[in-house]
Amino acid sequence: MPVIKELKTMEELKLVQDMEERVWEMSPIPTHQTFTSVKNGGLMLAAFVDDEIVGFSYGFPGFKNDKSYLCSHMLAVDPAYRSRKIGEKLKWRQREVVIDKGYDMILWTFDPLETRNGYLNLSKLNAVCHTYIENCYGEMSDGMNKGLPSDRFEVHWHLNSPHVTQRTKIDLEHAVPLNAVRKNEDGLPVFVGEQTCESDDVAYSLAVPKDFQELKVKSPGLALDWRLKTREKFEQLFDAGYSAVHLKVHDDHAEYIFVKKKI
């Protein structure tokens with residue numbers, strides 16, 4: 001089991017920099033910035049196994065529309081330690097600490113076509129999303145993001161809401177599908193369907209590839225097609241007042257579940 005610690009000193013904060021470079025293949029955040037942040041309402045948590053760092057989360061204070069919150073900027077887990085719920089443990093510990101600091105919401109972004117992140121954020125943590133940001137960070141050159149527009153979901157984690165504290169279950173059986181996934185001659189997933197949301201009384205689902213990084217490698221053009229077609233559907237749903245509240249994972253694809261926004 002990992003041990004999760006709050007990092008507060010310059011020496012401790014240096015521990016996360018090597019992992020930043022390994023995971024994202026980019027220069028790490030300077031420690032003078034993270035040090036200043038954690039002294040002023042920010043938070044750096046790290047997970048350790050046998051005294052070796054295997055994951056971290058980093059957030060800093062945010063303020064918008066007369067409300068303060070923690071902006072959770074980074075979450076990383078060493079590739080050798082993934083699928084062990086370390087990311088989930090970091091997030092739940094983050095929730096505990098920031099409630100003690102006086103926050104009641106954490107906000108962050110993620111690529112909606114990265115289903116590992118979507119499953120953690122919506123299905124495990126019960127965060128919600130009703131905001132889509134086109135090309136959020138502009139052109140990115142790191143290993144995970146290069147080559148495509150950096151579109152993002154903006155996630156809101158309402159820390160004390162019943163949806164989070166009571167782990168509300170979502171009805172997955174009656175969502176109306178807005179698209180389907182079929183395999184082309186190369187066995188790669190293709191977006192199919194032109195259905196639109198026509199009723200406020202139902203939930204909707206939108207299917208996405210299960211392994212978007214693999215698709216990017218095998219067919220950059222098809223990956224871009226998924227980016228643009230799902231972008232259109234996501235924005236239609238959000239404009240119609242729906243929130244993404246769950247990601248259901250199947251053998252060869254995943255599907256987001258959308259319900260009419262309540263919070």
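**Loops, strands and aromatic rings in a predicted model**

Biologist: Starting with Asp66, is that residue buried or exposed?

Modeller: Asp66 is exposed, with a relative accessible area of 74%, bearing in mind throughout that this is a predicted model. Asp66 belongs to the loop between β3 and β4, and the phi of Asp66 is positive, about 65°, although the residue is not a glycine.

Biologist: Why point out the sign of phi?

Modeller: Because most residues other than glycine have a negative phi. In the turn of the β3 and β4 hairpin, where 2 residues lie between the strands, Asn65 also has a positive phi, of about 55°.

Biologist: And Asp51, where is that one?

Modeller: Asp51 sits in the loop between β2 (43–49) and β3, and Asp51 is a residue other than glycine with a positive phi, near 65°. Asp51 is exposed, with a relative accessible area of 67%.

Biologist: Back to that hairpin, how many bridges join β3 to β4?

Modeller: There are 10 bridges between strand β3 (residues 52–64) and strand β4 (residues 67–77), and the two strands run antiparallel. As one example of facing residues, Gly55 stands opposite Val77 in β4.

Biologist: What about β4 and β5, parallel or antiparallel?

Modeller: Strand β4 and strand β5 (residues 105–110) run parallel and are joined by 2 bridges, with Cys71 opposite Leu107 in β5. Together with helix α4 (residues 86–101), β4 and β5 make a right-handed β-α-β unit.

Biologist: I had my eye on Leu75, so which residues does it touch?

Modeller: Leu75 is placed in strand β4 and is partly exposed, with a relative accessible area of 30%. Leaving out residues up to four places away in sequence, Leu75 touches Trp24, Phe56, Ser57, Gly87, Leu90, Lys91 and Leu120.

Biologist: Lys91 caught my attention there; what does Lys91 lie over?

Modeller: Lys91 lies over the face of Trp108, at 3.6 Å from the ring centre. There is also Lys5, whose charged end sits over the ring of Phe48, 5.1 Å from the centre of that ring.

Biologist: Changing topic to ring against ring, how many aromatic pairs are there?

Modeller: The count comes to 16 aromatic pairs. Taking Phe234 and Phe258 as an example, the ring centres are 6.0 Å apart and the planes are at 45°, so this pair is tilted.

Biologist: Where do Phe234 and Phe258 lie?

Modeller: Phe234 is in helix α8 (residues 220–239) and Phe258 is in strand β13 (residues 253–260), so the pair ties together parts that are 24 residues apart in sequence. Phe234 is buried, with a relative accessible area of 0%, and Phe258 is buried with a relative accessible area of 0%.

Biologist: Why is the pair of Tyr256 and Phe258 called tilted?

Modeller: The planes of Tyr256 and Phe258 are at 50°, with the ring centres 6.4 Å apart, so the pair is tilted, because a pair counts as stacked under 30 degrees and as edge-to-face over 60, and the rest are tilted. Both Tyr256 and Phe258 are buried.

Biologist: Which residues do ring pairs link into a cluster?

Modeller: That cluster holds Phe110, Tyr132, Phe153, Phe234, Phe238, Tyr256 and Phe258, linked by ring pairs.

Biologist: And which residues in the largest nonpolar core touch the most other members?

Modeller: Among the 49 residues of the largest nonpolar core, those touching the most other members are Phe153, Trp157, Phe234, Phe238, Ala244, Tyr256 and Phe258. Helix α8 gives the most to this core, with 6 residues, and apart from this core lies another of 16 residues, among them Leu13, Val16, Tyr58 and Met74.

Biologist: Which residues does Ala244 touch?

Modeller: Not counting residues up to four places away in sequence, the contacts of Ala244 are Leu122, Ala127, Val128, Cys129, Phe153, Phe238, Tyr256, Ile257 and Phe258.

Biologist: Last one, where is Gln195 found, and what does Gln195 touch?

Modeller: Gln195 is in the loop between β10 (189–192) and β11 (204–209), and is partly exposed, with a relative accessible area of 35%. Gln195 touches Pro177, Leu178 and Lys233, again not counting residues up to four places away in sequence.

Biologist: How many residues separate Gln195 from Lys233 along the chain?

Modeller: They are 38 residues apart along the chain, and their C-alpha atoms are separated by 9.3 Å. Leu75 and Lys233, in turn, are 158 residues apart in sequence and 27 Å apart in space, C-alpha to C-alpha.

Technical notes. Residues are numbered from 1 along each chain as its sequence is written. This is a predicted model: local features need pLDDT of at least 70, side-chain atom pairs count only at pLDDT 80 or more; totals for chains, interfaces and linings use all residues. Side-chain values use heavy atoms; hydrogens and water are left out. Rings of Phe, Tyr and Trp (its six-membered ring) pair if their centres lie within 6.5 Å; planes under 30 degrees apart count as stacked, over 60 as edge-to-face and the rest as tilted. Helices (H or I, at least four residues) and strands (E, at least two) are DSSP runs, numbered from the N terminus. Buried means under 20% relative accessible area, exposed over 50%, partly exposed in between (1.4 Å probe, protein chains only). A charge sits over a ring if NZ of Lys or CZ of Arg is within 6 Å of the ring centre and within 35 degrees of the ring normal. Two strands pair if DSSP finds at least two bridges between them. A crossover is right-handed if, with the strands pointing away from the viewer, the path from the first strand over the helix to the second runs clockwise. Contact means heavy atoms within 4.5 Å. A nonpolar core is a set of buried Ala, Val, Leu, Ile, Met, Phe, Trp, Tyr and Cys residues joined through side-chain atoms within 4.5 Å.
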